[in-house]
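Here is a short report on aromatic pairs and helix packing. The model is predicted.

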Amino acid sequence: QAVVSTQSTGAHIDIGFGGRVAEDILYNGDKEKVTTGCAADMSNITRYARVLIEDNGYSKKQGLVRYSDCDIKNMETNRLIQDEMKELLNERYELTKKDMMKHKRQWERLTQYLQEYRTLTGEECRTIFNGGKPTRSPFEGLPSS
C-alpha cells in the first residue's frame, strides 16, 4: 500500500468534489437539477474520508486512534465515524466551493469547451484556463458516422 500524506488525500477529496460543486454553483443550489454524474466521485471521496478516520487517526474527537473491525461493528463507534466523515466531507466541500468560486470564469469556459469538444486534454484545459482555446477542430478525433 502506498504512503500518502493527509494533505494529498484532502486534495483527492477536493478534486472529487469538483463536478458536484460546479453543478451546485451552476444551478444555484437547486438539488433538483444536480445530476448523478458524480456518483463514482462521491464513492471515492467517501472511501478516502473513511480511511483517514478509521485507519489513520484523523478523528478530531477521538484523536490518534486506529479503529479495528471489532470497534467498527459497535453501533456507537460506527455512528461516531460516520459523523466525523460527514464533518470532514462538509469541510472539504466548502473549501472546494470557495476555491471554485475564485475561478468561476475559468471553469465556466472549460464547461463551454467541454460541451463543444466532448473531451479535452490536460494541455487544452490549461490553455482554456489561461484564456486561450484549443487549436484542433471540435470534431477532430471523433468517430465518423
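## Tyr 113 and Tyr 117

Tyr 113 and Tyr 117 are both buried. Their rings form an aromatic pair. The centres lie 6.0 Å apart, and the planes meet at 50°. That angle makes the pair tilted, because edge-to-face needs over 60 degrees and stacked needs under 30.

Both residues belong to helix H5, which spans residues 104-117. Tyr 113 and Tyr 117 are four residues apart there, so about one helical turn separates them.

## Phe 17 and Tyr 93

The count of aromatic pairs comes to two. Besides the tyrosine pair, Phe 17 pairs with Tyr 93. The arrangement is edge-to-face, with 90° between the planes. From centre to centre the distance is 5.1 Å.

This pair links distant parts of the chain. Phe 17 sits in helix H1, residues 6-26. Tyr 93 sits in helix H4, residues 75-102. The two are 76 residues apart. Are these residues, Phe 17 and Tyr 93, buried or exposed? Both are buried.

## A charge over a ring

Arg 47 lies over the face of Tyr 48. The distance to the ring centre is 5.6 Å.

## H5 against H6

Two packed helices are described by the angle between their axes and the distance between the axes. For H5 and helix H6 (residues 122-129), the angle is about 130°. The axes are 9 Å apart. H5 is therefore oblique to H6. Their crossing is right-handed.

Which residues make the contact between H5 and H6? From H5 come Gln 106, Arg 109, Leu 110 and Tyr 113. From H6 come Cys 125, Ile 128 and Phe 129. Tyr 113 thus has two roles in this picture: it contributes to the H5 and H6 contact, and it pairs with Tyr 117.

## H2 against H4

Helix H2 covers residues 39-56. Its axis and that of H4 come within 9 Å and cross at roughly 120°. That angle makes H2 oblique to H4. The H2 and H4 crossing is right-handed.

On the H2 side, the contact involves Ile 45, Thr 46, Ala 49, Arg 50, Leu 52, Ile 53 and Glu 54. These meet Asn 78, Ile 81, Gln 82, Glu 84, Met 85, Leu 88 and Leu 89 in H4. H4 also holds Tyr 93, the partner of Phe 17 in H1.

Key: Residues are numbered from 1 along each chain as its sequence is written. This is a predicted model: local features need pLDDT of at least 70, side-chain atom pairs count only at pLDDT 80 or more; totals for chains, interfaces and linings use all residues. Side-chain values use heavy atoms; hydrogens and water are left out. Rings of Phe, Tyr and Trp (its six-membered ring) pair if their centres lie within 6.5 Å; planes under 30 degrees apart count as stacked, over 60 as edge-to-face and the rest as tilted. Buried means under 20% relative accessible area, exposed over 50%, partly exposed in between (1.4 Å probe, protein chains only). A charge sits over a ring if NZ of Lys or CZ of Arg is within 6 Å of the ring centre and within 35 degrees of the ring normal. Axes are lines fitted to C-alpha atoms, for helices over the stretch in contact, and angles run from 0 to 180 degrees between N-to-C directions. Angles under 35 degrees count as roughly parallel, over 145 as roughly antiparallel, 65 to 115 as roughly perpendicular and the rest as oblique. A crossing is left-handed if the near helix is turned anticlockwise from the far one by less than a right angle, and right-handed if clockwise. Contact means heavy atoms within 4.5 Å.
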